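Colleague: I have a model on my screen and would love a guided close look at its salt bridges, with enough of the surroundings to place them. Could you take me through it?

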Amino acid sequence: MAVKSGAPWWAHLMMYAGGVTMVVAGATAGIAQYALHTANNTIEAEDILGDNRAEMDVENIEGPLNILVLGVDKQGGSTRSDTMIMVHVNADLTQVSMVSLPRDLYVEIPDCGPDWGNNTCMQKLNHAASISDDWDVTRANVVDTIYNLTGVEFHMGATVDFNGFMDLVDLVEEIELCPWHEIQSIHGDNRVFPEGCNYYNKEEALDLIRQRYPWDEPEDYESGLWGDYGRQAMQQQAIKALIKELKADGYASDPTRLTQVLEGLEGKLTLDLPDGLTAIDLALNLRDLNPEDITSIRVPATSQETEVGSSEVIAEGEQQIAADALWDALQNDTMTEWIAQYPEWVKQTGSNTTTTTEEPSGDASSEATTD
């Protein structure tokens with residue numbers, strides 16, 4: 001496997017805005033084989049993309065790369081996808097754009113389930129993942145829906161169980177999260193998250209990043225971070241914060257600690273990689289990426305009432321033109337030009353530089369639930 005020269009280390013855990021994105025673990029060149037053996041025995045392979053797969057030279061990894069990340073929620077024996085992120089890496093593997101597809105995006109779905117006679121319909125995007133308890137059926141439906149909408153071909157895919165993923169916070173004990181205004185938890189535990197930056201344990205962090213409805217202040221709408229967009233922003237904060245803590249605690253360079261990370265991902269991450277490519281190979285080639293430099297992009301859409309309720313709609317005219325240009329930019333590696341032309345759809349993650357030391361009120365041991 002050809003990799004870039006230098007003294008690499010990498011431990012990159014990437015997730016979307018809703019959730020979330022993809023997780024890739026790497027190591028120094030001296031322990032790469034050790035980590036590779038562990039990764040190959042812990043991270044499950046899954047056929048996520050099916051026929052919607054772009055060709056890729058695994059012997060000479062070059063960009064651009066498009067990666068589809070599905071955040072999954074496993075409850076009651078069924079698996080649903082509640083987060084869909086399109087991750088784009090540019091030609092020289094130095095820049096990343098994350099396009100979060102709103103769960104309420106009004107789209108054409110190829111199979112709307114038995115209630116619709118398994119026919120095509122116009123529905124919210126997350127409906128594509130609710131047509132069956134068979135994950136193989138719903139996963140293929142989600143991928144087909146996204147491909148039909150965008151025309152983007154993906155080189156790799158990943159699924160991440162966000163609840164399980166947050167178990168990695170236990171390795172570092174706490175991560176720093178920065179809500180831009182006070183949040184009252186809606187999960188029945190009376191927990192309050194104050195405005196500003198504070199350190200939170202796993203249960204607190206998971207509660208905060210699952211909040212969707214409290215992002216309902218005027219400033220949220222002004223900044224484009226209301227509702228599910230606010231939740232996506234907090235999820236992105238959590239991933240970056242976890243990466244920083246793992247790096248600071250030496251999990252990227254200590255073989256024993258790196259193994260803990262890889263083992264911690266077992267059952268929580270699956271990867272769909274081309275034949276001959278491993279997670280470690282990919283990580284070594286992507287080591288120049290900096291999580292702080294990830295560009296978060298909103299799909300050009302606006303809230304409207306449709307026959308299926310309040311939805312995010314790509315309106316005819318300027319929004320449709322911007323959205324079509326976005327799909328082309330992802331496919332043709334012209335994201336830099338698209339971002340310059342449509343800066344209004346480029347969103348920050350809502351980080352707040354005002355540091356406080358307050359603790360959230362409420363019982364920190366309460367379990368967060370899916371809203």
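To get started, how much area does the protein expose, and what share of it do carbon and sulfur atoms supply?

Modeller: Happy to! Please keep in mind that this is a predicted model. The protein exposes about 15,200 Å², and 44% of that is supplied by carbon and sulfur atoms. Of its 371 residues, 60% are buried. The secondary structure comprises 11 helices and 18 strands.

Now to the salt bridges. Searching the whole structure turns up 7 of them. A good place to begin is R53, which takes part in more than one listed pairing, as the next two sentences show. With D47, R53 forms a salt bridge whose closest N and O atoms are 3.2 Å apart. R53 also meets D272 in a salt bridge, at 2.9 Å from N to O. This second pair links distant parts of the chain: D272 sits in strand 14 (residues 269–272), while R53 is in the loop between strand 3 (44–45) and strand 4, 219 residues apart.

The surroundings of these three residues are worth a look too. R53 has 30% relative accessibility, so it counts as partly exposed. D47 also counts as partly exposed, at 46%. D272, in contrast, is buried because its relative accessible area is 5%, and the cut-off for buried is under 20%.

Next, go to K202 and D170, whose side chains meet in a salt bridge of 3.3 Å, N to O. K202 belongs to helix 5 (residues 202–209) and D170 to helix 4 (residues 169–172), so this pair ties together parts that are 32 residues apart in sequence. K202 is buried, with a relative accessible area of 16%, whereas D170 is partly exposed at 46% relative accessibility. Elsewhere, E46, D136 and R139 are joined into one network by salt bridges that share partners.

For the nonpolar surroundings, turn to the largest nonpolar core, which has 37 residues. The members that touch the most others are M86, L101, L326, W327, L330 and W338. Among the elements that give two or more residues to this core are strand 4 (65–75), strand 5 (78–89), helix 2 (135–150) and helix 11 (335–341). Helix 10 provides the largest share, 6 residues. If you would like one residue to centre your view on, try L101: leaving out residues up to four places away in sequence, L101 touches M84, M86, L125, I146, V299 and W327.

There is also an aromatic group to visit. The model has 5 aromatic pairs. One of them joins Y221 and W226, which are stacked, with 5.5 Å between centres and 15° between the planes. W226 and Y229 form an edge-to-face pair, at 5.0 Å centre to centre and 70° between the planes. Y221, W226 and Y229 make up one aromatic cluster. Within that cluster, Y221 is partly exposed at 43% relative accessibility, while W226 and Y229 are both buried.

Finally, have a look at helix 7 (residues 228–248). At 1.5 Å a residue, its 21 residues should span 30 Å, which agrees with the 30 Å between its end C-alpha atoms. Helix 7 is mostly covered, with 18 of the 21 residues buried. Just after helix 7 comes G250, which takes a positive phi of about 85°.

Terms used
Residues numbered from 1 in each chain as written. Predicted model: local features only at pLDDT ≥ 70, side-chain atom pairs only at ≥ 80, totals over all residues. Heavy atoms only, no water. Core = buried A, V, L, I, M, F, W, Y, C linked by side-chain atoms within 4.5 Å. Buried < 20%, exposed > 50% of the residue type's maximum accessible area, 1.4 Å probe, protein only. Helix = DSSP H or I, 4+ residues; strand = E, 2+ residues; numbered from the N terminus. Contact = heavy atoms within 4.5 Å. Expected span 1.5 Å × (residues − 1). Salt bridge = Lys/Arg side-chain N within 4 Å of Asp/Glu carboxyl O. Areas by Shrake-Rupley, 256 points an atom, 1.4 Å probe, with all protein chains shown as cover. Phe/Tyr/Trp six-rings, centres within 6.5 Å; stacked < 30°, edge-to-face > 60°.
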